[in-house]
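Got the model open in your viewer? Let's take a walk through it, one selection at a time.

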Amino acid sequence: MNLEKKASEELMIEFIDVHKWFGEFHVLQGINLTVSRQERIVICGPSGSGKSTLIRCINRLEEHQRGRIIVDGIELINNIKNIEKIRAEVGMVFQHFNLFPHLNIVENLALGPIWVRKVPKKEAEETAMYYLEKVHIAEQARKYPGQLSGGQQQRVAIARSLCMNPKVMLFDEPTSALDPEMIKEVLDVMIELAQEGMTMIVVTHEMGFARSVAHRVLFMDFGKIVEGNTPEEFFANPEHERTKLFLSQILH
Amino acid sequence: MKSYSDRAAPEKTPFWLDPKKRAILFQFMTFCMVGLLAYYLISNTLINLQRQKIATGFSFLHKESSFEIGESLIPYSAASSYGRALLVGALNTIKVAFIGVIITIILGTIIGVARLSTNWLLSKLATLYIEVMQDIPILLQLFFWYAIFYETLPSPRQAISPGAGIFMCNRGVAFTIPEVHPAHYYMLLAFFAGCLIVYLIRRWARERQEKTGQFFPTFRVGLAIVFGLPFITWLGFGAPMEMDAPKLVGFNFEGGLTVSPEFIALLLGLVLYTAAFVAEVVRAGIQSVSKGQREAAMSIGLRPVPVLNLVILPQALRVIVPPLTSQMLNLTKNSSLAVAIGYPDFVSVANTTMNQTGQSIEGVALIMAVYLFFSLSTSAFMNWYNKRVALVER
Amino acid sequence: MEQVVQAEELRPPITSIGIIGWMRNNLFNGVFNSILTVVTLFFLWKVVPPLFRWAFIDSAWHTTGQACRQAAGACWSVISMNYRFMLFGFYPYEQQWRPFLAMMILFGLLFYSRDRTHWKKPLAYAWIIGLFTMGLLMKGGIFRLSSVESTQWGGLPLTLLLAVFGLTAAYPLGVILALGRRSKMPGVKVLCIVYIELIRGVPLISLLFMSSIILPLFLPEGVTINKILRAQVAIILFTSAYIAEVVRGGLQGMSRGQYEAAESLGLNYYMTMRLIILPQALKIVIPPTVSQLISAFKDTSLVVIIALFDLLKTTQSVLSNPEWMGFSREAYVFIAILYFLGCFSMSNYSRKLERELSRGD
């Protein structure tokens with residue numbers, strides 16, 4: 001596969017000394033991060049390290065308490081307009097898919113465009129079918145989420161986010177809840193997305209995917225980004241002890 | 001790569017776009033609306049009260065009530081104050097609720113267990129009872145029992161006597177009771193002393209079992225003590241056996257213990273209605289314990305009674321107690337329907353008071369306060385119980 | 001070569017199959033159960049035949065009150081001679097087809113709504129039009145229907161009206177209260193909790209007293225509010241608190257992921273609730289909601305205490321007539337049967353719904 005190994009120069013997301021506490025627990029301890037347009041980042045680390053919290057701060061599912069987060073030039077502050085603009089540009093895919101069970105697939109996808117972007121129903125459904133084709137699941141259009149397998153549901157979830165034309169896609173452990181035989185179909189869709197130049201931040205344990213797709217792999221532990229490097233350097237020469245320990249545990 | 005870190009901090013967000021400030025604004029507006037509504041209603045009320053020359057405040061509680069109350073646990077006459085009248089009503093409510101709760105729990109448990117019985121006849125009868133009693137409004141049931149009393153039972157002169165010393169007529173039911181004797185007071189003391197002793201024995205026996213493994217028959221010994229001590233006291237006083245039997249004097253019974261038709265009708269209606277709901281609660285609780293639990297316990301070798309005590313009941317009770325307390329609260333609230341059949345409970349008395357003084361706001365406020373007190377204490381108890389028995393989960 | 005011996009087909013012992021087998025398993029399995037069965041049968045034998053005789057054989061079905069008193073059995077005439085007053089109260093005699101028609105419309109709508117596949121938008125409109133028509137039929141005043149004041153409404157239509165309108169109005173109020181109780185805004189949350197706990201902690205009778213005596217005091221001079229409306233307000237306020245708790249249970253059952261997915265798509269609070277959360281939550285709690293409807297139906301009987309002529313009070317009026325005095329048993333049994341039929345069909349339906357919903361459509 002021919003993936004652009006060089007991202008653009010434009011800044012997409014910037015974290016400046018971001019801190020967050022859950023009560024007494026200091027979950028993000030001074031995060032500094034820049035993500036360029038078309039860059040693909042994989043974040044890994046032990047559970048509780050704050051990696052999910054980090055990406056959930058980007059679309060304000062979690063609120064950071066100190067520091068600044070800037071997405072595509074818009075600063076993430078307590079301003080409804082800013083938050084809405086950012087959410088419109090950031091798509092998110094969840095570990096447990098979170099499809100809406102009472103709507104069929106097309107309705108799931110068309111919901112956002114119709115009610116947020118105020119697109120007419122026909123156009124929204126056409127967009128929905130376009131993205132369903134893209135994730136190779138168009139034939140399930142009228143079915144309900146409960147009738148699909150996990151892998152199919154996750155691909156629908158990806159299509160649902162894409163219908164909003166996001167500039168960044170966030171993935172929170174997208175394959176962790178899937179049976180092994182379905183992981184590949186989802187990863188394949190993510191790779192196709194990457195080929196089209198989408199900016200992606202992926203929290204995952206799928207190191208094969210990281211190796212072949214990521215521009216950078218970041219390791220997080222105890223709320224800090226311990227180290228980050230190109231995949232080749234990261235896997236071949238991890239610098240810190242904790243990184244080495246973690247890698248030895250998941251790359252057995 | 002250009003960074004934004006050197007960019008100045010953004011301008012202040014206008015407050016109508018700040019989610020936190022919006023929330024405050026929304027709450028402020030809600031309070032304002034509620035406040036305005038309250039102000040409007042209250043000012044209207046004050047004007048109307050003044051116009052109709054109705055007093056406000058609770059000073060009426062000291063005034064003379066000038067109405068009689070049919071039955072009372074404490075001395076009361078028409079010369080007593082309204083405050084005392086309300087107290088009488090409250091005590092009557094507690095009386096019927098307390099007795100009602102005890103009987104309902106017993107009856108409800110029996111019917112619930114019968115519903116689960118392997119005996120087809122029993123189980124179907126229990127189901128029939130539950131279905132029918134749940135689907136008829138309680139007020140209708142109350143009226144029915146009250147009417148039965150007045151229309152079916154004969155006058156005192158032709159009272160029916162189903163058993164030794166019990167007489168049923170349309171003035172109530174008269175029971176023969178032991179004549180009040182000083183021995184009773186000491187018997188009561190002996191009973192409480194017995195309970196205390198049994199409690200201490202239980203603690204001692206449990207410690208002994210933990211240390212040495214020896215089993216002490218606490219239950220049997222406890223039963224013997226709790227009933228034996230009062231019995232011995234009774235013997236000690238010379239075994240007083242005088243009974244106070246109701247005797248027909250003129251047109252009514254005198255002596256013994258008479259229970260009014262209103263009380264009986266209310267009690268019957270409340271108990272029979274609520275027991276149907278309690279039966280369902282008990283059934284659900286017992287069924288919630290999976291069959292495997294009983295099988296596992298038996299395969300360890302536990303006999304049926306310990307299986308029940310150690311394995312089934314603790315789990316079943318967790319599921320039973322919260323809805324059960326709910327039903328007991330419902331029974332207490334439903335006792336307020338006494339006003340419809342003339343039993344002088346709190347609502348009845350408050351109603352009469354309101355009619356006489358015209359101070360309906362204070363009256364209704366008092367009614368709500370009393371029942372709120374019951375509900376909130378029951379909620380507190382339930383929360384405490386739930387926390388205490390919550391299964392520790394991962 | 002071995003010969004395959006055909007074993008004689010063994011049949012189970014005769015005492016464990018058929019009707020004898022059934023009786024053995026269900027009525028007489030074990031000493032305790034056998035005794036229980038015998039005792040129960042004895043009890044039934046003592047009670048049921050005399051009851052049957054009283055109710056059906058010695059009873060009077062369509063006579064005057066005098067003749068009834070002479071009969072040894074039940075006096076069903078109290079019903080057959082007075083059923084129109086019991087069922088319709090003081091509604092003018094010749095116009096009683098109107099409340100009757102209104103009730104038929106209601107029963108029709110209810111019957112049609114039983115099938116869940118009918119639950120689409122047209123049904124909602126049908127209900128709105130139906131309720132409106134029922135009100136119109138009762139009140140009259142237009143379309144050459146004579147006007148009948150609400151003070152004359154009574155009996156079964158009044159009971160149904162209080163229950164149906166009560167629940168219809170209480171439902172949206174209850175949903176709002178439930179959402180408010182789960183709100184993150186402390187001010188709103190406290191207000192909702194106070195309301196819900198206050199209403200749930202007091203008996204309905206106190207609310208009926210409040211609304212019938214105190215509500216007029218809340219209104220400015222000259223504004224009156226009719227008795228039925230007062231009772232209706234109390235029933236609505238009461239039921240809404242219970243509905244709020246039912247809906248809250250459904251909301252609590254929703255996974256956080258649904259909220260998050262909606263948020264990340266950019267839906268605001270109102271849209272999230274309307275499009276995603278409420279459709280799912282309300283469906284989950286349909287069985288307990290039907291339960292509330294049954295309770296509301298039973299609770300309407302309390303309006304007898306504030307002297308509204310619902311089914312119970314019209315019956316009591318008949319019984320206070322000297323001709324029919326003393327036949328409370330029969331009259332109340334009749335009313336009980338009516339309530340039972342209503343409540344039983346509703347609870348049966350609720351059970352059927354619960355089974356359907358737990359099977360997952």
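At what angle do the axes of α2(B) and α11(B) cross, and within what distance do they come? Select residues 82–115 of chain B for helix α2, then add α11(B): the axes come within 7 Å and cross at roughly 155°. (Axes are lines fitted to C-alpha atoms over the stretch in contact, and angles run from 0 to 180 degrees between N-to-C directions; helices are DSSP runs of H or I, at least four residues, numbered from the N terminus.) The two helices are therefore roughly antiparallel, a label for angles over 145 degrees.

Now show side chains. From α2(B), the contact (heavy atoms within 4.5 Å) includes B:Tyr82, B:Leu86 and B:Thr93, and from α11(B) it includes B:Phe346, B:Val349 and B:Gln356. By class, the contact has seven nonpolar, five polar and no charged residues; here Ala, Val, Leu, Ile, Met, Phe, Trp, Tyr, Cys and Pro count as nonpolar, Asp, Glu, Lys and Arg as charged, and the others, Gly among them, as polar.

A word on ground rules: this is a predicted model, where local features need pLDDT of at least 70 and side-chain atom pairs need 80 or more, while totals for chains, interfaces and linings use all residues. Residues are numbered from 1 along each chain, chains are lettered from A and ligands numbered from 1 in the order written, and side-chain values use heavy atoms, without hydrogens or water.

Next, bring up chains B and C together. Here 53 residues of chain B touch 57 of chain C, burying about 4,600 Å², 72% of it from carbon and sulfur atoms. (Buried area is the accessible area, with a 1.4 Å probe, that two parts lose on being put together, summed over both.) On the chain B side, pick B:Asp135, B:Leu140 and B:Met368: they lose the most area to chain C, together 13% of what that side buries.

Then zoom to B:Glu131 and C:Arg351, whose side chains form a salt bridge at 3.3 Å, N to O. (That's a Lys or Arg side-chain nitrogen within 4 Å of an Asp or Glu carboxyl oxygen.) The count between these chains is one. Colour α1(B) too, since it's worth a look: α1(B) gives the most to this side, with 13 residues.

Last stop: chains C and A. This contact takes 16 residues from chain C and 19 from chain A, and about 1,700 Å² is buried. Select C:Glu263 and A:Arg87 to see a salt bridge at 3.1 Å, one of two between these chains.

Terms used:
Parallel < 35°, antiparallel > 145°, perpendicular 65-115°, else oblique.
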